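Let's take a quick tour of one helix and its neighbour, then drop in on a single residue elsewhere. Have the structure open as you read.

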Amino acid sequence: MSVFEAIVLGVVQGLTEFLPVSSSGHLVLANYYFGFSGPGESLALAVDIATNTGTLLAVLIYLRRDVAMALGGFFAGVAGAAGRRTDGWRLALLVLAGSVPTAIIGLLLKEVFHSLNRPLPVALALIVTGLVLWFTPRSGTKKSPHDLTFRDALITGVAQGVAVTPGISRSGMTIATMLGRGAEGALAARFSFLLYLVASLGVALLGVSEVRGAQIPLAALAAMTVASFVTGYLALAWLFRLLRMGRFRMFAPYLWVIAVLTLVSLAVGIPWHG
């Protein structure tokens with residue numbers, strides 16, 4: 001893999017990780033259309049891990065106040081009863097609660113999800129994601145972590161676990177679930193990306209050996225990480241703006257077009273690469 005190809009994959013990841021269009025699905029389709037890992041091969045897990053590292057850093061910086069509030073509230077709550085009355089403590093517990101079903105689903109069905117890293121399942125999953133976005137409420141009335149319930153967090157965690165499926169958007173499913181549970185757009189996004197931080201850190205820790213053993217040049221891994229960070233940060237800012245405007249569903253037609261084009265190309269056997 002060349003540095004240029006790595007940058008392209010990093011940009012794809014950065015733009016699609018936070019926008020509700022499925023980054024994993026787009027990486028699979030980028031591989032299908034451009035052949036970055038060679039004919040007949042699936043995209044290396046090391047690529048997912050490297051690109052996710054960039055987007056993880058983007059979230060840490062963009063949501064630094066929420067991250068600091070959750071961490072500070074957690075340690076304050078552990079230290080004494082007074083700390084357990086803060087928004088930070090409540091937010092930390094909600095994020096931890098939501099992370100549990102995600103971890104269970106991800107660990108139990110890891111091999112099943114990995115087997116779906118192919119264009120056909122991805123195209124079908126993109127159609128499902130588009131339908132979810134299209135029927136999602138524009139916004140709710142819950143604006144604070146204290147307005148959220150642990151049921152909200154658990155249901156959102158299940159949605160994130162299901163979204164490990166390539167083509168099912170993680171941000172799309174979690175934000176849509178939160179909006180459906182009555183959360184205001186900004187709170188839905190903040191909670192979604194705090195959940196993402198925990199899940200992404202877990203994936204990064206579990207996948208260190210994959211990166212070490214990857215047959216990908218270090219320069220390429222570094223390039224895709226930087227590219228995913230820069231574009232991910234910009235995508236985050238844009239998504240929050242769209243949520244304030246109530247335009248979350250605007251991505252649905254795009255997903256359907258990409259899915260149909262992929263299904264047609266598979267049906268007619270267009271040799272995109274190789």
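**Helix α2 and its surroundings**

Start with a length check: α2 has 12 residues, and at 1.5 Å a residue (times one less than the number of residues) it should span 16 Å, which agrees with the 16 Å between its end C-alpha atoms. Helices here are DSSP runs of H or I with at least four residues, numbered from the N terminus. This is a predicted model, where local features need pLDDT of at least 70, side-chain atom pairs count only at pLDDT 80 or more, and totals for chains, interfaces and linings use all residues. Residues are numbered from 1 along each chain as its sequence is written, and side-chain values use heavy atoms, leaving out hydrogens and water.

*How α2 sits*
- In α2, 10 of the 12 residues are buried (under 20% relative accessible area, 1.4 Å probe, protein chains only), so the rest of the structure largely encloses this helix.
- Among those buried residues are H26, L27, Y32 and Y33.
- Just after α2 comes G35, with a positive phi of about 65 degrees.

*Its partner, α1*
- α1 (residues 3-18) packs against α2 (residues 23-34) at an angle of about 150 degrees, with axes 8 Å apart.
- That makes the two roughly antiparallel (over 145 degrees).
- L9, V12, Q13, T16 and E17 of α1 meet S23, H26, L27 and A30 of α2 (contact means heavy atoms within 4.5 Å).

*Elsewhere: Q160*
- Q160 lies in helix α8 (residues 150-162).
- Q160 is buried, with a relative accessible area of 2%.
- Not counting residues up to four places away in sequence, Q160 touches residues including T102, R170 and Y196.

Key: Axes fitted to C-alpha atoms, helices over the stretch in contact; angles between N-to-C directions. Helix = DSSP H or I, 4+ residues; strand = E, 2+ residues; numbered from the N terminus. Parallel < 35°, antiparallel > 145°, perpendicular 65-115°, else oblique. Buried < 20%, exposed > 50% of the residue type's maximum accessible area, 1.4 Å probe, protein only.
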